[in-house]
Amino acid sequence: MQNVKLIAHTPDPESVVAAAARLCYSAVGVDALLEAQTPEKNTKFVKMLASMGHESPIEHVSFTFAVEGVSRSLLAQITRHRIASFSVQSQRYVRLDDFQFVVPPEIEADPASKELFLEAMKKQGEEYLALAASLQARHKAELMAQGMDEKSANQKAEKMANEDARFVLPNACETKLVMTMNARSLLNFFKLRCCNRAQWEIRALAEKMFQLVYPVAPAIFAAAGPSCVACGHCTEGKMSCGKQKEVQAKYAAWKESL
């Protein structure tokens with residue numbers, strides 16, 4: 001099951017953004033700017049920056065998430081967001097003795113398809129372990145023949161086997177990652193991935209991430225959401241889901257309750 005936690009963020013992010021933006025037009029230093037700040041002034045100022053489209057100051061604040069229970073398919077999508085940092089569970093160093101996997105909702109909802117899917121996952125897991133064991137045994141024997149002691153040979157052989165056996169693992173295979181994005185990248189991420197046209201798994205992740213960061217910095221993320229929320233209109237053209245008002249109402253309700 002998908003699990004997302006906000007494990008770190010820039011302290012007092014709206015104060016940081018306000019100070020950075022004000023410094024551009026001020027003769028005084030940062031200390032004086034920080035002393036003159038109040039939460040109310042910062043909220044008003046950050047919202048004004050957003051209304052002007054002045055986004056560079058929000059790059060100074062970042063948010064770090066721990067993400068579990070997502071597929072390697074999602075990993076391929078999320079790492080396309082290049083202004084971010086990722087640390088991902090390695091399939092080279094971690095032997096997946098009982099690999100977990102993500103079941104798409106459409107498959108979950110169809111008993112016949114789900115049965116086929118689960119059987120395929122079972123076979124994949126068995127084939128992966130059999131291949132890993134076969135490769136490990138050969139590598140271990142070769143390393144020991146070269147003079148390596150059994151314990152060291154077994155450890156190195158396991159890593160070598162994992163490296164190649166992982167090629168049979170499916171996109172559904174679960175993974176874990178820690179991810180850091182600055183606020184500007186997050187706004188872009190939400191605009192693209194909170195959209196109804198985004199793939200269901202990454203959309204679910206984006207929505208959870210939004211719900212975690214909005215209470216921390218509501219002024220920064222006041223207009224956050226898919227394009228119909230962030231821009232006030234859909235930018236998908238003929239590919240629009242046609243549910244703009246419904247989506248806008250959902251995000252307005254979230255922002256009211258979070």
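In this predicted model, Leu34 sits in helix 2, which covers residues 30-35. The side chain is part of a nonpolar surface patch together with Leu23 and Val30, and the three add up to about 220 Å² of accessible area. Leu34 itself has a relative accessible area of 39%, so it counts as partly exposed rather than exposed, the latter needing over 50%.

A patch of another kind turns up elsewhere: Glu115, Glu119, Glu126 and Glu127 make a negative patch on the surface. Of these, Glu115 belongs to helix 6, residues 111-145. Glu115 is counted as exposed because its relative accessibility is 59%.

Now to the strands. Strand 2 (residues 62-71) is largely enclosed by the rest of the structure, since seven of its 10 residues are buried. Strand 1 (residues 3-9) runs antiparallel to strand 2, and six bridges join the two. Here His9 has Phe63 of strand 2 as its bridge partner. Strand 2 also pairs with strand 4 (residues 174-182), again in the antiparallel sense, this time over eight bridges. In that pairing, Val67 stands opposite Leu177 of strand 4.

Just past strand 1 there is a backbone oddity worth a look. Asp12, in the loop between strand 1 and helix 1 (13-23), has a phi near 45 degrees, a positive value in a residue that is not glycine. Most residues other than glycine have a negative phi. With 52% relative accessibility, Asp12 counts as exposed.

As for charge pairs, the structure holds eight salt bridges. One of them joins Arg184 and Glu55, with an N to O distance of 3.4 Å. This pair ties together distant parts of the chain, 129 residues apart: Arg184 lies in helix 8 (residues 183-193), and Glu55 in the loop between helix 3 (39-52) and strand 2. Arg184 also forms a salt bridge with Glu59, the closest N and O atoms being 2.6 Å apart. Glu59 comes from that loop between helix 3 and strand 2 as well, 125 residues from Arg184 in helix 8. Glu55, Glu59 and Arg184 are thus linked in a salt-bridge network. Arg184 is partly exposed at 31% relative accessibility, as are Glu55 at 32% and Glu59 at 40%.

A further salt bridge brings Glu163 and Arg92 together at 2.5 Å, N to O. Again distant parts of the chain are linked, 71 residues apart: Glu163 is in helix 7 (residues 150-165), while Arg92 is in the loop between strand 3 (84-88) and helix 5 (105-108). Glu163 is partly exposed, with 25% relative accessible area, and Arg92 is partly exposed with 26%.

Terms used: Residues are numbered from 1 along each chain as its sequence is written. This is a predicted model: local features need pLDDT of at least 70, side-chain atom pairs count only at pLDDT 80 or more; totals for chains, interfaces and linings use all residues. Side-chain values use heavy atoms; hydrogens and water are left out. Patches are made of residues with over 30% relative accessible area and no salt bridge: like charges are joined within 9 Å, nonpolar side chains (Val, Leu, Ile, Met, Phe, Trp, Tyr) within 5 Å. Accessible areas come from the Shrake-Rupley method with a 1.4 Å probe; for residues, only the protein chains shown count as cover. A salt bridge is a side-chain nitrogen of Lys or Arg within 4 Å of a carboxyl oxygen of Asp or Glu. Lys and Arg count as positive and Asp and Glu as negative; His and the chain ends are not counted. The place of a charge is taken as NZ of Lys, CZ of Arg, CG of Asp or CD of Glu. Helices (H or I, at least four residues) and strands (E, at least two) are DSSP runs, numbered from the N terminus. Buried means under 20% relative accessible area, exposed over 50%, partly exposed in between (1.4 Å probe, protein chains only). Two strands pair if DSSP finds at least two bridges between them.
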